[in-house]
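Let's walk through this model together, from its sheet to its ligand shell and on to the end of the last helix discussed. Keep the structure open beside the text as you read.

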Amino acid sequence: SIVDRLGAARTGRIPFSVEFSPPRDADAEARLWRAVRTFERLGPAFVSMTYGAGGSTRDRTVRVTGDLAEETTLLPVAHLTAVGHSIDEIRAMVGAYADRGITNILALRGDPPGNPLGEWEKHPDGLEHADELVRLVRDLGDFHVGVASFPEGHHRSPDLDHDTRYLVRKLRAGAEYSITQMFFDVEHYLRLRDRVEACDPEQAAKPIIPEIMPITSLRSARRSLELSGSKLPPSLEERLVRAAGDGPEEDRAAVREVGIEVATEMCERLIAEGAPCLHFITLNFARATSEVLTRLGIEVRSTVPAGQPV
Ligand code: FAD
């Protein structure tokens, strides 16, 4: 399981992990595999595969995640969302993952398709909250389940205490760890950790894995931020805007340099604060993440025999 891997790594360098998303077409799939082969050499503790809103890319997601389990040295975690699915459909999805040897599931409620910030509507035969999905998946077999956590609070939570209570409820339901929403101020992560500790010290022993997005484009970062509910600290926003310049196209190289520098600084602080792992959003590219790892001086472990193409 993920937790075993993080525990085993505790004595050496900090473990890292990466998030992929299901490719939309054959070209995107080829690109994903290039990133996969590069990461295989870098030795992540696990790799996670997101689930298209409402299951829109369901079949491809199961196939590609299964291929990761069967054809690589990586340990895949399948994200699974409850939105738009009946309980029977969710059971079938979990079964399809199990058939491909996937036993690590990140249990999520998901957002309303079309408008993530719109009105939430439960499927008539489905689930209301992620804690129910945690219980369902665990009842279906020998699965290791993780959940989402929100350093700045989930956008539907009235306040941070409410948010923390329901995160703890998901952990009590049997989730073994959480992965956070991306954030750009490490204080948010540290305060989340403090809140969980104050709410339930036993559950606080479970890893809270920080998610890091190295920004490589201001435009796409703004879009991700809008969907995630996370905020850029004003000083960072200013730096990025300055780097982007005022030409018709943003200066991608300059934005990328700031993004990678900031991600590296955040990781340094997270390591110093004892984070259990660094989880990177990759958008199916390996370069930005491997550059951050290199700058951190994280020694990479080669799991691919020399001479094999990557
Ligand atoms: P929940 O835990 O159900 O929380 C939703 C809201 O309800 C929160 O405000 C919470 O405080 C409250 N709440 C929770 N339980 C209860 C309860 N029992 N009673 C009352 N209130 C409750 N989306 C995708 O579509 N695909 C993905 O692959 C994906 N991956 C993600 C990965 C990570 C690491 C993160 C952080 C998010 C991801 N998301 C993904 C987005 C996620 O689906 C949304 O943020 C969604 O709005 C919330 O999901 P959740 O599992 O946290 O829901």
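Helices and strands here are DSSP runs, numbered from the N terminus; a helix is H or I over at least four residues, and a strand is E over at least two. With that in hand, look at Gly297: this glycine follows helix 11 and has a positive phi, near 75°. Please bear in mind throughout that the model is predicted.

Let's turn to the sheet. Nine strands form an open sheet in the order 7-6-5-4-3-2-1-9-8, and their pairing is parallel. At the edges sit strand 7 (208–209) and strand 8 (211–212), each of which pairs on one side only. Strands of a sheet pair through backbone hydrogen bonds, either parallel or antiparallel.

A good place to settle is strand 4 (104–108), where five of five residues are buried. Which residues cover its two faces? Asn104, Leu106 and Leu108 lie on one side, Ile105 and Ala107 on the other, and all are buried. Strand 4 is joined to strand 3 by four bridges, and the two run parallel. Within this pairing, Ala78 stands opposite Ile105 of strand 4. To get from strand 3 to strand 4, the chain passes through helix 4 (residues 87–99), in a β-α-β crossover that is right-handed.

On the other pairing of strand 4, four bridges connect it with strand 5, again in a parallel run. Here Ala107 stands opposite Val147 in strand 5. Strand 4, helix 5 and strand 5 together make a β-α-β unit, which is right-handed.

Val147 also leads us onward, as this residue stands opposite Ser178 in strand 6. Strand 5 and strand 6 run parallel and are joined by four bridges. Between them the chain crosses through helix 6, and this β-α-β crossover is right-handed. Now look along strand 6 (residues 177–180): Tyr177 and Ile179 point one way, Ser178 and Thr180 point the other way, and all are buried.

From strand 6 we can step to the edge. Strand 6 pairs with strand 7 in the parallel sense over two bridges, and the bridge partner of Ser178 in strand 7 is Ile208. The connection from strand 6 to strand 7 goes through helix 7 (residues 186–199), in another β-α-β crossover that is right-handed.

What happens at the other edge? There, strand 8 is joined to strand 9 (residues 278–281) by two bridges, and these strands run parallel. One pair to find on screen is Glu211 and its bridge partner in strand 9, His279. Elsewhere on the sheet, helix 5 (residues 130–140) packs against it, touching strand 4 and strand 5 (144–149), and the direction of helix 5 makes about 155° with that of strand 4.

Next comes the ligand. Which residues come nearest to it? Of the 24 residues around the ligand, these are Thr50, His79, Arg109, Ala130 and Ala148. Strand 3 (76–81), helix 5 and helix 6 (160–172) each supply at least two residues of this shell. Helix 6 gives the most, with five residues. By character, the shell divides into seven nonpolar, nine polar and eight charged residues.

Finally, follow the chain out of strand 9. Most residues other than glycine have a negative phi, and most peptide bonds are trans. Against that background, Leu283 deserves a look, with a positive phi of about 55° although it is not a glycine. Leu283 lies in the loop between strand 9 and helix 11 (287–295). Is Leu283 buried or partly exposed? It is partly exposed, because 18 other C-beta atoms lie within 10 Å, and a buried residue needs 20 or more. Asn284 is found in the loop between strand 9 and helix 11 as well, and its phi is also positive, near 65°. Asn284 has 19 other C-beta atoms within 10 Å and is therefore partly exposed.

Beyond this loop, helix 11 has Ala288, Thr289, Ser290, Val292 and Leu293 buried. What do the buried residues of helix 11 pack against? Their partners are strand 1 (16–20), helix 2 (26–42), helix 10 (252–272) and strand 9. After helix 11 we are back at Gly297 and its positive phi.

Terms used. Residues numbered from 1 in each chain as written. Predicted model: local features only at pLDDT ≥ 70, side-chain atom pairs only at ≥ 80, totals over all residues. Pairing = 2+ DSSP bridges. Contact = placed C-beta atoms within 7 Å. Axes fitted to C-alpha atoms, helices over the stretch in contact; angles between N-to-C directions. Near = placed C-beta within 6 Å. Nonpolar A, V, L, I, M, F, W, Y, C, P; charged D, E, K, R; others polar. Buried ≥ 20, exposed ≤ 12 C-beta atoms within 10 Å, placed from the backbone. Right-handed = clockwise from strand over helix to strand, strands pointing away.
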